[in-house]
Amino acid sequence: MTHILNIDICYRMSLKPKRVDFVTTWADLKETVKGVVTLGNVPHTVWHNRFSDVYSLCVAYPEPLAEKLYQETKKFLEDHVKSLLIQVNGSSEEQLLTVYYSLWQQYSQGMDYLHRLYSYLNTQHIKKQKATDAELLYGTLSYESPEQMKEIGELGLDLWKKHMIEPLKGDLLRLLLGAIHCDRTGQSLYNEKSSTIQGVIQSLVSVEEYKKKNTLELYETVFESPFLEATGEYYRQEASRLLQECTISLYMEKVLQRRDEEDLRSRKFLHPSSYGKVRSECEQRMVADHLVAIHNECPAMVQQELQQDLRNAFALLKSIPGGLTVLVSHFMEHIKQQGLRAVANLSGENIATQFVEGMLGVHSKYKEMTNVVFANDQLFSSALDMACASVVNHRLNTKQPCKSPELLAKYCDSLLKKSTKGGSDTEVEDKLAQCITVFKYIDDKDIFQKFYARMLAKRLIHQQSQSMDAEEAMINRLKQACGYEFTNKLHRMFTDMSVSSDLNNKFSSYLQNKDRIELGLNFSIYVLQAGAWPLGQSCPTDFAVPQELEKSVQRFEDFYREQFNGRKLAWLHHLSQGELKLNYLKKPYIITMQTFQMAMLLMFENTDSMTCRELMEATKLNSDHFQKYVQSLVESKLLAVSGGTGEVFEPSTVISLNMDYNNKRTKFRITAAVQKETVQETEQTHSSIDEDRKLYLQATIVRIMKSRKILRHNVLIQEVLSQSKARFAPSISLIKKCVETLIDKQYLERTPNSTDEYSYVA
Amino acid sequence: MADDIDMEKPAEKVTVNNDCVMKSEKMFSLKRWNAVAMWSWDVECEICAICRVQVMDACLRCQAENRNDKEQEECVVIWGECNHSFHNCCMKLWVKQNNRCPLCQQEWSVQRIGK
């Protein structure tokens, strides 16, 4: 367009500077300018002629008349705006905004055209004088120096600002505030269109669009800040009115509604920079100023779990800095109470199940609530986690260790064990997967590990696992949650099972190859790796292996020695079991029993009765084991005590084979009684945990000191705490004790010139 | 009874046969036995003097490198002629610097390697 225009000019006249009569040229130009700024009809040709007039004036000979043109134009525009002001002032109060806005629309549009008509002046004469952007930004020049020439568009807007807005701003503000107030209350005062109000407000921004910085200054000072003040005042009154009228529940509802309406109103009328300010003003007046009232209502909302109220409270409070703290802490306390109610003071048979499923119930309920009501807000999720952790790690008696790790391990055991009542495989898998939720909250993960390992050992050795796949999957879940080191031993136990199965196959072909040796029974063995299993490394009692088993033991040892190098085997007869067939009764019975039980019964091959002393000497069992196993046989009615109660077994007590034994089933097991976990064992587990913790801490301290060489006491404690966090929460005094031990063992020493510093002894 | 297997082989066969014959008359007969045994390295000291970890566990380096179970199984024990034992991994590194037993300072020569 400009290009074509320029060509046109070339045709019409020479571009060479020439003498120009300013007065006549300006007279013509002025008429056109008037037409342009009032959006009057300006024919094409006239526009073109005036365009070249501007050019001629700017390049006039002998001296350019640009400056003069500028001054005259300025004077003309100034007069024009002043006349418009008179027009605005002449209109009635209710028409004022409408008139102002329509004149502004006309003027600003006109200025846009005029700016183009003067484009030669703008680009050739004014740009040159203008400071560079950089100068402006770094403030070396004062921008508003009066002598400076402005581009025509800017000049026009500036004149509007000076001669229209300045004198009128009080009226404009008053009318604008009035109009918006009416919009709020739903009345209508002067019936202005919202586009008018929006347009008037926007004119305060547009008028400064040429400015390089602080373009919103006028808008902010003339309109925004008094508007915010008025808004604040309005909502202050609104808030106290609402509070008098309604409950907090309803109040929150209404406030949210008001806030959303005001948001929409902002979008309807204001510049985008104000949206946030208005919203925060509303929140300040209606929420922050009445925080106490809302907070006072929080306990009731939380306790009664009023979801809608909680959702509203959350929506309102989250925008106030620190506003949520009270709600969050009530929420946490509530979950904690609910949790404790669900899992503390359990009694009955299946405490473990009650504990885990109760805990999971509470967790999933409030997880859901965090999700649905509190939009998964991080504050609330961590409150949930903290509450659950404090329930899981709650101790009734601070002297005793927390029962949760043990209960969780028992629950896992009940799911993984063969049982008649267990649900479908997928149900069990789901339940096992959920166990991890509780597991993650446990502080004393090492206690869980200990119990889990013991129960796993029993399940594996006594062949009570429901499914090896489920066992492996669970170990992998624990590994994922707690790391390789945590499950290392569990994995090794698990692999021992498959290694043993290979070994059994090899052993039977070994027997085949050695001239078809018969052992006289169906033999299989688990060879466990010492150190990986939570078992002693030897049998806890002397034991005379029954003659019937001797060959198996001998053959297998030979085979094992051939297979491996540098290994020794310890037979754990107290853990083994077998099937014994009873041929002396009315019908034959096949009974699965422990090896010790088997050995005792086998003693009755050639005699029907013997004294306890004789039986004990023959089996070589120690007193504890003897008592326990003989009792189990008496309780199962396979053996009978002659003339005794069966409560105490004196050396002279006579035991005899029960020749009248009768059972509906012909194939069954009597191992349960002796395999049951005893209170003693539980205590042992706990005390072995204490030992393990000391060793673990010592190893941790050595590792830290080895890499850091010299450390201050407090730094060392912190390091140890953070490294053992995943496993258990050690007490400071235990760590100190371990440090002392290590100093005694000469792994560490105190540095000579400091009282609280240790150094590593290489 | 099984001190000398070769010598007793024929005799055993007889016993087995006798068992079969006598089975019906015996009061008890053993059908099945699931034995449990635990193996460990046949060592004098259960802790490797080089890495100070139990010889039944993988050596410190193998543990730190977090290898999987298969690889840790390779972390076996080695015995010197002096009858001192260490992790094989630990000893391999040790002899590169000093071809003596870390415990008794005798010249190191391998007696056997665990399997």
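## The two sides of α16(A)

In this predicted model, the exposed residues Ser364(A), Glu368(A) and Val372(A) sit on the face of α16(A) that is turned away from its buried side. The buried residues of this helix are Ala352(A), Phe355(A), Val356(A), Met359(A), Val362(A), His363(A), Tyr366(A) and Thr370(A). Viewed down the axis of α16(A), the buried residues fall within an arc of 135 degrees, and therefore they line one face of the helix. A general rule helps in reading such a pattern: because an α-helix has 3.6 residues a turn, residues three or four places apart point the same way.

## Cover and length of α16(A)

The buried residues of α16(A) are covered by elements that include α15 (325-343), α17, α18 (404-416) and α19 (425-441) of chain A. As for length, the 22 residues of α16(A), counted at 1.5 Å a residue, should span 32 Å, and the end C-alpha atoms are 31 Å apart, which agrees with that expectation.

## Two loop residues with positive phi

Most residues other than glycine have a negative phi. Asn376(A), however, has a positive phi, near 55 degrees, and its place is in the loop between α16 (351-372) and α17 (378-392) of chain A. Asn376(A) counts as exposed because it has 11 C-beta neighbours inside 10 Å, where the cut-off for exposed is 12 or fewer.

Leu39(A) also has a positive phi, near 55 degrees, and lies in the loop between α2 (22-37) and α3 (44-58) of chain A. With 13 other C-beta atoms within 10 Å, Leu39(A) is partly exposed.

Note on methods
Residues numbered from 1 in each chain as written. Chains lettered and ligands numbered in written order. Predicted model: local features only at pLDDT ≥ 70, side-chain atom pairs only at ≥ 80, totals over all residues. Helix = DSSP H or I, 4+ residues; strand = E, 2+ residues; numbered from the N terminus. Buried ≥ 20, exposed ≤ 12 C-beta atoms within 10 Å, placed from the backbone. Expected span 1.5 Å × (residues − 1). Arc of directions from axis to C-beta. Contact = placed C-beta atoms within 7 Å.
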